[in-house]
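Subject: Structure handover and notes

Dear colleague,

I am passing the structure on to you here, and my notes follow below it. Please read them with the model open beside you.

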Amino acid sequence: MKIILILLFILFSNSIFANEDNDSSVEVINLYENKSLDQMVLENLNEQEVIEEILENADNSNEISANEIEVQQIEINKKNFIQTIKTKDLENHFQNLLNINSKTLQIEIIEVLENLQLNLEVEKDKELFFLVINYLQSIGQINKSYQLIETYDLSDDENFNFYTGVRLNYFLSTFQLNEACNFKDELDKNSKLDFFFIEKLDIFCLILNDNQSEASLLNSILIETENNLDLYYQSLLSLISDSSFEKDFNNEINYSEINKELIFLYSAMTRIAELPFSNDFYELDKKNLSIPIILNQSSPIDLRIKAANDSFLENLITVESLAALYMSADFNADQLNNPKETLASFSDNKELGMAFLFQLVNIQIFPNDRLNILIQFWDFAKENDLEEIAYKLSINMLSSIQATSENIIYGPKIASAYIYNNNFEKAVDWIELYENSKEVDSKSIYTRILLDLYSSNDLNSFINSINLTLNSYTYNQDNQNTELLYVLKSVMNLDIVTDTEINLNKIFDDRLMPAIFLFNEINNSIVNKDHEKFLFYSLISLNDKEWSNLHPEHLKLILNGYLNYNDGILFRNIILEVFKDYKFII
């Protein structure tokens, strides 16, 4: 059955798994090749940087002269803020940027930090580099930390041991065990890392090389030397070195006692021991453990899919890798032949529900059956806040849908899928087919609103789209929406009617505002067009907050700032995030 599923998946997914260009350096999944999921994920991690650089160079190729002054100005701004702020203050700033819920702004701060031009012969730049690497690793971007480290010669750096740990953790997290062991062997014998990291890795590598006797000797020395014995490491070591050692491992773990500094070593050892990861282990550090869990075939498939969904939304893996993992979920013939009962059995497991419907779509022979299941897949995803993932996974299926009298009724939903995949021409075609065949109704109006908002290619057209949308769309007039409309009207100078009548049932607002000095710094950075300072301070004020939880005055200040930040380059995506979080319009 699995062979049939994979063959059918290839049949209906060839557009995803084909290379765009035979000469391209970018690899994509090809199920005809004997390529493991490890290889695909690792290639995706490494190639993401190459792809971003190519796209950036392509976008800027015709604007080099025009941007020279702007680049100089940006560098001046950097020197005025990041590279002049006190190291201790900057360290505190990074501590307050660990939980940015806005995907748009998280990507922006990462790009700003990646593109810093540093001279590590300058002490201040050296300190800044250390903080950047530490921050990127802390938010689950260890691949970016590793890539940045590789661009500098750090052999004489006072933080060399820290960078060594990052390198080792990167190899372990991506299960490049040969590279980890070889790099460990190249280290100076005097190299020391906290928690006996190198010593523990050395023992692990000896076992991998089937050198049990030396591993046992070194481990006995470790046990005598370590003040607080690492019981978790010792348990894992026993499992991978003694095949007769059996016990219910996960049931005996106290996860609160696990050393989080060694989770990458633990994850590699767990995989070698062919042990499953648990959800509790994943919760220890979701940002950094997603890739190891995806690659651990012993772990429950629903946990692996959960980690993959999170990684995809964080741009750590591509849709190709995500699709391959969805297809690896094992459903038997009875489950596939009784989809209604099977889906009901997954009512408390959205990951398995998503994977089941995705496979069910791909095994349908007849186009109408495939479209009906695809619609069900999208609806299920929307109910579970996985709509973006479902639409991205469906991109190859869309081209196989032909316009017929039977499926025109699904025009708005098919158009929505094209919109989320940035194919606006196809979206227009399906909207017009629907309206010509049926009529203009709430479904097509809503889809046109999505189209206008997502396809607007400049700030002015986007604001005009919002203006038209808010004047024509009927929405729930609750207090939260009324406040949002008031904020949007003020920020974008919209020509809309808003209710400003005082609600005497709500005299005080319990939503917190930033401290007055932080608020003033944000406001001053907007007035002075100090973009980098605004980015940092605005993100500090947004740390661990959703858009819908912000005080309206706070939201208004932030939106005003990003309307002007780098000519409003982020503004559209931020507004779309706000709409989604408020469940307003989209």
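How are helix 5 and helix 31 oriented to each other? Helix 5 and helix 31 are oblique to each other, a class that takes the angles left over once those under 35 degrees are called roughly parallel, those over 145 roughly antiparallel and those from 65 to 115 roughly perpendicular.

Before the details, please note that this is a predicted model, in which local features need pLDDT of at least 70 and side-chain atom pairs count only at pLDDT 80 or more, while totals for chains, interfaces and linings use all residues. Residues are numbered from 1 along each chain as its sequence is written, and side-chain values use heavy atoms, with hydrogens and water left out.

Overall, the protein chain has 33 helices and 0 strands, taken as DSSP runs numbered from the N terminus (H or I of at least four residues for helices, E of at least two for strands). Of its 586 residues, 50% count as buried, where buried means under 20% relative accessible area, exposed over 50% and partly exposed in between, with a 1.4 Å probe and protein chains only. Among the contacts (heavy atoms within 4.5 Å) in the protein chain with a separation of 6 or more, 65% come from residues 24 or more positions apart.

To return to the first helix pair, helix 5 (residues 87–95) and helix 31 (residues 531–542) pack at about 50°, and their axes are 9 Å apart; the axes are lines fitted to C-alpha atoms, for helices over the stretch in contact, and angles run from 0 to 180 degrees between N-to-C directions. On the helix 5 side Leu90, His93 and Phe94 take part, and they meet Phe536, Tyr537 and Ile540 of helix 31. This contact has 5 nonpolar, 1 polar and no charged residues, with Ala, Val, Leu, Ile, Met, Phe, Trp, Tyr, Cys and Pro counted as nonpolar, Asp, Glu, Lys and Arg as charged, and the others, Gly among them, as polar. Phe94, Phe536 and Tyr537 also belong, with Phe81 and Tyr135, to a cluster linked by ring pairs.

A second helix pair, helix 28 (residues 459–472) and helix 33 (residues 571–582), packs at about 25° with the axes 10 Å apart, and the two are therefore roughly parallel to each other. Leu459, Phe462 and Ile466 of helix 28 make this contact with Phe571, Arg572, Ile575 and Leu576 of helix 33, which by class gives 6 nonpolar, no polar and 1 charged.

Turning to the rings, the whole structure holds 27 aromatic pairs, a pair being rings of Phe, Tyr or Trp (its six-membered ring) with centres within 6.5 Å, stacked if the planes are under 30 degrees apart, edge-to-face if over 60 and tilted for the rest. Tyr146 and Tyr170 are stacked, because their ring centres lie 4.1 Å apart and their planes at 10°. Tyr146 is in helix 8 (residues 142–149) and Tyr170 in helix 9 (residues 160–173), so this pair ties together parts that are 24 residues apart in sequence. Tyr170 also pairs with Phe171, with centres 6.0 Å apart and planes at 55°, so that pair is tilted. Tyr170 is buried at 1% relative accessible area, and Phe171 is buried at 9%.

Finally, the charged end of Arg271 sits over the ring of Phe175, 4.0 Å from its centre, where sitting over a ring requires NZ of Lys or CZ of Arg within 6 Å of the ring centre and within 35 degrees of the ring normal.

With best regards
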